[in-house]
Amino acid sequence: MSQESTGQNRAPRAVASGPGALPTVAMIGGGQLARMTHQAAIALGQRLRVLAASADEPAALVTPDVVLGSHDDLDDLRRVAAGAVAVTFDHEGVPTDLLHALVAEGVNVLPPPEALIHAQDKSVMRRRLSEMGLPVPDFVDLDGPDAEATLRDFFARHDGRVVLKAIRGGYDGRGVWMPDDLDDAVAVLTRSVADGTPLLAEARVAMRRELSAMVARSPFGQGAVWPVVETVQRNGQCAVVIAPAPDLSDELATQAQTIALRLANELGVVGVMAVELFETQDGHLSINELAMRPHNSGHWSMDGAVTGQFEQHLRAVLDYPLGDTRARAEVTVMANILGADSAPEMSMDERCHHLMARMPDARVHLYAKGERPERKIGHVNIVGAPGDDVAAVRERAERAAHWMSTAVWTDGWDEHGRE
């Protein structure tokens with residue numbers, strides 16, 4: 001499913017100058033998303049400059065154009081933006097006032113701060129989506145002197161089925177609390193007030209599963225969506241992505257894609273955006289969160305779609321025509337490689353060697369990050385063959401990721417052929 005602008009006149013597009021010049025895109029953040037965006041930039045003949053906090057961050061290790069600095073420092077942001085045709089992000093942590101300052105100086109910030117705020121501030125996002133008539137959980141801001149009374153009333157109205165969320169900064173389960181009772185909820189609020197962390201409360205959704213609709217939009221107004229995927233969460237962070245989402249009705253899939261396209265258009269998003277959704281027990285959709293950057297739920301597209309999310313993000317911010325988002329197979333499964341409780345004695349290089357020997361079709365993507373418990377250090381994609389069973393492809397992807405994490409095969413296989 002795709003959508004194109006009906007506008008007749010295309011705005012002039014910023015391009016690199018000089019014979020043979022490569023357009024430079026600046027990405028704020030030096031993590032794995034920037035690293036994989038750099039890989040896509042090479043194939044497109046582009047140059048990705050990154051603002052990294054240190055020289056050993058994943059993207060800083062591979063791109064030759066690195067600015068060391070902080071995303072909280074306007075001068076550092078100016079340095080990374082200098083001469084770039086667009087500035088974009090691998091995280092949403094840049095203060096909005098600094099982005100507005102860059103825009104005022106003529107920097108092409110994409111997505112623009114007016115759009116990005118909806119991924120940075122959950123309260124702003126919830127209010128805007130409610131005004132648009134889109135499906136969101138009931139919610140209330142917990143700020144001001146009456147915050148505890150507001151929480152108590154909200155808790156009672158929803159029979160204690162309440163989630164507390166930090167309005168800014170939470171991800172991978174951080175900044176989210178599922179209180180067992182009212183006393184627990186009040187204690188979370190008290191600690192958050194003391195820490196200066198504003199909260200909102202949401203009604204818990206009776207969900208069947210979590211979904212994600214990834215969309216891309218260009219400044220010209222062209223939009224394109226990938227197949228809707230199912231995301232499997234463990235310990236508050238994404239562990240597995242199944243593309244397309246199995247047993248999802250055409251009606252719900254179309255509704256999710258339409259929501260994603262509408263949000264991208266009405267919020268003025270440029271680049272890729274993930275719309276995280278709940279599929280409820282009664283067969284409806286409810287929007288959970290937005291991410292305006294490449295996203296974990298889109299990693300499957302690197303091997304399983306005609307155009308992967310990282311290439312598409314670059315196409316979008318450079319206002320190139322967007323690529324085909326069709327799936328290459330009936331099923332692709334992505335499994336995150338997470339740091340084990342204790343790092344295996346076997347090196348990552350040797351683990352990769354054995355995985356390739358046993359599963360030559362496994363597509364391994366490593367981030368050059370140190371191994372720490374539950375840290376995302378890579379992912380594995382398995383692209384199914386025609387007629388493959390979804391459960392079998394998922395099992396293989398999870399088996400491969402578990403091996404890369406722990407050097408242990410979940411099926412007891414011995415990589416050296418010992419009895």
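His-379 is where I will start; it lies in strand 18, residues 376-383. Everything I say refers to a predicted model. His-379 is buried, with a relative accessible area of 0%. Its side chain makes a polar contact with the side chain of Tyr-367, at 2.6 Å. If we leave out residues up to four places away in sequence, His-379 touches a list of others, including Met-36, His-299 and Met-302. The list also has a run from Met-334 through Ala-335 and Asn-336 to Ile-337. Arg-363, Val-364, His-365 and Tyr-367 are in the list as well.

Now the loop that comes before this strand. Between strand 17, which is residues 363-366, and strand 18 sits Ala-368. Ala-368 has a positive phi of about 60°, although it is not a glycine. Glu-374 has its place in the loop between strand 17 and strand 18 too, and its phi is near 70°, again positive in a residue other than glycine. As background, most residues other than glycine have a negative phi. Are these two residues buried, partly exposed or exposed? Ala-368 is partly exposed, with a relative accessible area of 41%. Glu-374 also counts as partly exposed, at 35%. The band for that term lies between 20% and 50%, so both values fall inside it.

Next, a pocket. The second largest pocket has a volume of about 300 Å³. Its lining is made of 16 residues. Which of them lie nearest the centre of the pocket? They are Arg-234, Asn-336, Leu-338, His-402 and Ser-405. Asn-336 has come up already, as one of the residues that His-379 touches. Three elements each supply at least two residues of the lining: strand 13 (237-243), strand 16 (332-338) and helix 12 (390-406). Helix 12 gives the largest share, five residues. Sorted by class, the lining has six nonpolar, seven polar and three charged residues.

Strand 13 leads on to the cis peptide bonds. Pro-244 is found in the loop between strand 13 and helix 8, residues 250-267. The peptide bond from Ala-243 to Pro-244 is cis, with omega near -10°. Another cis bond runs from Leu-110 to Pro-111, with omega near 0°. Pro-111 lies in the loop between helix 3 (96-104) and helix 4 (113-120). For comparison, most peptide bonds are trans.

On to the strands and how they pair. Strands of a sheet pair through backbone hydrogen bonds, either parallel or antiparallel. One open sheet here is formed by four strands, in the order 6-9-7-8, and the pairing is antiparallel. Its edge strands are strand 6 (139-142) and strand 8 (176-177), each of which pairs on one side only. Strand 7, residues 162-166, is joined to strand 8 by two bridges. Within that pair, Leu-164 has Trp-177 in strand 8 as its bridge partner.

For a parallel case, look at strand 2, residues 24-28, and strand 3, residues 47-52. Five bridges join strand 2 to strand 3, and the two run parallel. Thr-24 has Arg-47 of strand 3 as its bridge partner. Strand 3 is mostly covered, with five of its six residues buried.

What about helix 10, residues 309-317: how many of its nine residues are buried? Seven of the nine are, so helix 10 is largely enclosed by the rest of the structure. The buried ones are Gln-309, Phe-310, Gln-312, His-313, Leu-314, Ala-316 and Val-317. Just after helix 10 comes Asp-319, which takes a positive phi of about 60°.

Last, Leu-285. Its place is in strand 15, residues 285-291. Leu-285 is buried, with a relative accessible area of 5%. The limit for calling a residue buried is under 20%, and therefore 5% qualifies. Leu-285 and Leu-211 are 74 residues apart in sequence, yet 9.1 Å apart in space, C-alpha to C-alpha. Leu-211 is also among the contacts of Leu-285, once neighbours within four places in sequence are left aside. The other residues in contact with Leu-285 are Pro-135, Leu-252, Gln-255, Ala-256, Leu-277, Phe-278 and Glu-279.

Methods: Residues numbered from 1 in each chain as written. Predicted model: local features only at pLDDT ≥ 70, side-chain atom pairs only at ≥ 80, totals over all residues. Heavy atoms only, no water. 1 Å grid on protein atoms, 1.4 Å probe; cavity = no way out; pocket = protein on both sides within 12 Å on 5 of 7 lines; lining within 4 Å. Points joined across faces, edges and corners; volume = space filled by probe spheres on them. Nonpolar A, V, L, I, M, F, W, Y, C, P; charged D, E, K, R; others polar. Buried < 20%, exposed > 50% of the residue type's maximum accessible area, 1.4 Å probe, protein only. Polar contact = N/O pair within 3.5 Å; in protein donor to acceptor, adjacent residues only side chain to side chain. Contact = heavy atoms within 4.5 Å. Pairing = 2+ DSSP bridges.
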